[in-house]
Amino acid sequence: MAQGTGLTAFMAVTHHPHHKSAETILGPADPPPFTVSNAHGSGRTFFVCDHASNRIPQALENLGLTPKQLQEHIAWDIGAAPMADILSRRFDAPLIKASYSRLVIDCNRQLSDPTSILEVSDGVMIPGNQNLDRDHAAARAREILAPYHAEIEWQLSRNRSPAFHALISVHSFTPVFQGHVRPWHIGVLWNEDGRLALPFMDALSMRGDVVVGDNEPYSARNNFGYTIDIHGQGRSLPHLLVEVRQDLVADPQGVAHWASIVSDALRKTLDSFSP
């Protein structure tokens, strides 16, 4: 993919004249669609967190879900945001986090992907996502998805010294999905570019106490890595998506422990890495 091609096409879709609508998703009481932490960090690693939040815009009335349901994994990647915060501090690196739930629109999916806005997630019906018209779906993309990816692109494209040499996307995954137990502690997603992923997995495996999934429990080769694809592979920037099992990062102690493990392996990888 040529640099910028995917994002340019994406922005064209969200601003297509047939998608114009008076409908507004975000109101004055809603936060911006993304946050930037440590924007002036001097590190050469750039972090993103696509599923950092379970927030729903006020106008969408929690999508018809209960507060308990919005605390579950269907709404966000449990533990991912605080892990990303720790990594950002340890590497003195910028971090961009999406501000809204993946149930509103998934910031790690192409608009054409049927899982971009889910009507059912892990067996749970999402009332506010049923039978969406095209204009409403386009408004979600325009107000939430597009600004998030535009900010990532701007940050990676700006004239900065030193230039970024790695893009890391931070996620988490459920220990059991559709009845299948997932044994991995950490999953690493990558597609064609293994410059970071392969030595990173080696560094984790050398510990002897971490079960590593190579494109498990998901695969970046099956459209589960849109952000690293468009912003990493699309600009030939070394990249990987790392995700930790959610039962391991369900509390602050677990977050700190596994963020340290990821940080140590990533440090070893980057210290010996020549882009």
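How are H3 and H7 oriented to each other? I will come back to that after a word on the model and the chain as a whole.

This is a predicted model. The chain has 275 residues, and 54% of them count as buried. Its secondary structure comes to seven helices and 11 strands. If we take contacts between residues at least 6 apart in sequence, 82% of them join residues at least 24 apart. The exposed area of the chain is about 12,000 Å², with 53% of it supplied by carbon and sulfur atoms.

Now the helix pair. Helix H3 covers residues 80-90 and helix H7 covers residues 252-271; their axes come within 9 Å and cross at roughly 45°. An angle of 65 to 115 degrees would count as roughly perpendicular and one under 35 as roughly parallel. H3 and H7 are therefore oblique to each other. Their crossing is right-handed. On the H3 side, the contact is made by Pro-82, Met-83, Ile-86, Leu-87 and Arg-90. On the H7 side, the residues include Val-255, Ala-256, Ala-259 and Val-262, along with Ser-260, Ser-263 and Arg-267.

Next, the charged pairs. The structure holds eight salt bridges, and I will go through three.

Start with Arg-235 and Glu-153, whose side chains meet at 2.9 Å, N to O. Arg-235 sits in the loop between helix H6 (226-231) and strand E11 (239-245), while Glu-153 belongs to helix H4 (residues 134-157), so this pair ties together parts that are 82 residues apart in sequence. Arg-235 and Glu-153 are both buried.

The second is Arg-195 with Asp-193, where the closest N and O atoms are 2.6 Å apart. Are these two residues buried or exposed? Asp-193 has a relative accessible area of 13% and is buried, because the cut-off for buried is under 20%. Arg-195, at 36% relative accessibility, counts as partly exposed.

There is also a network to mention: Asp-77, Arg-102 and Asp-106 are joined by salt bridges that share partners. Within it, Asp-106 bridges to Arg-102, with the closest N and O atoms 4.0 Å apart. The criterion for a salt bridge is within 4 Å. Both Asp-106 and Arg-102 are buried.

To recap, H3 and H7 cross at roughly 45°, and the Arg-235 to Glu-153 bridge links a loop to helix H4. That is what I have for today.

Note on methods
Residues numbered from 1 in each chain as written. Predicted model: local features only at pLDDT ≥ 70, side-chain atom pairs only at ≥ 80, totals over all residues. Heavy atoms only, no water. Helix = DSSP H or I, 4+ residues; strand = E, 2+ residues; numbered from the N terminus. Buried < 20%, exposed > 50% of the residue type's maximum accessible area, 1.4 Å probe, protein only. Contact = heavy atoms within 4.5 Å. Areas by Shrake-Rupley, 256 points an atom, 1.4 Å probe, with all protein chains shown as cover. Axes fitted to C-alpha atoms, helices over the stretch in contact; angles between N-to-C directions. Parallel < 35°, antiparallel > 145°, perpendicular 65-115°, else oblique. Left-handed = near helix turned anticlockwise from the far one by under 90°.
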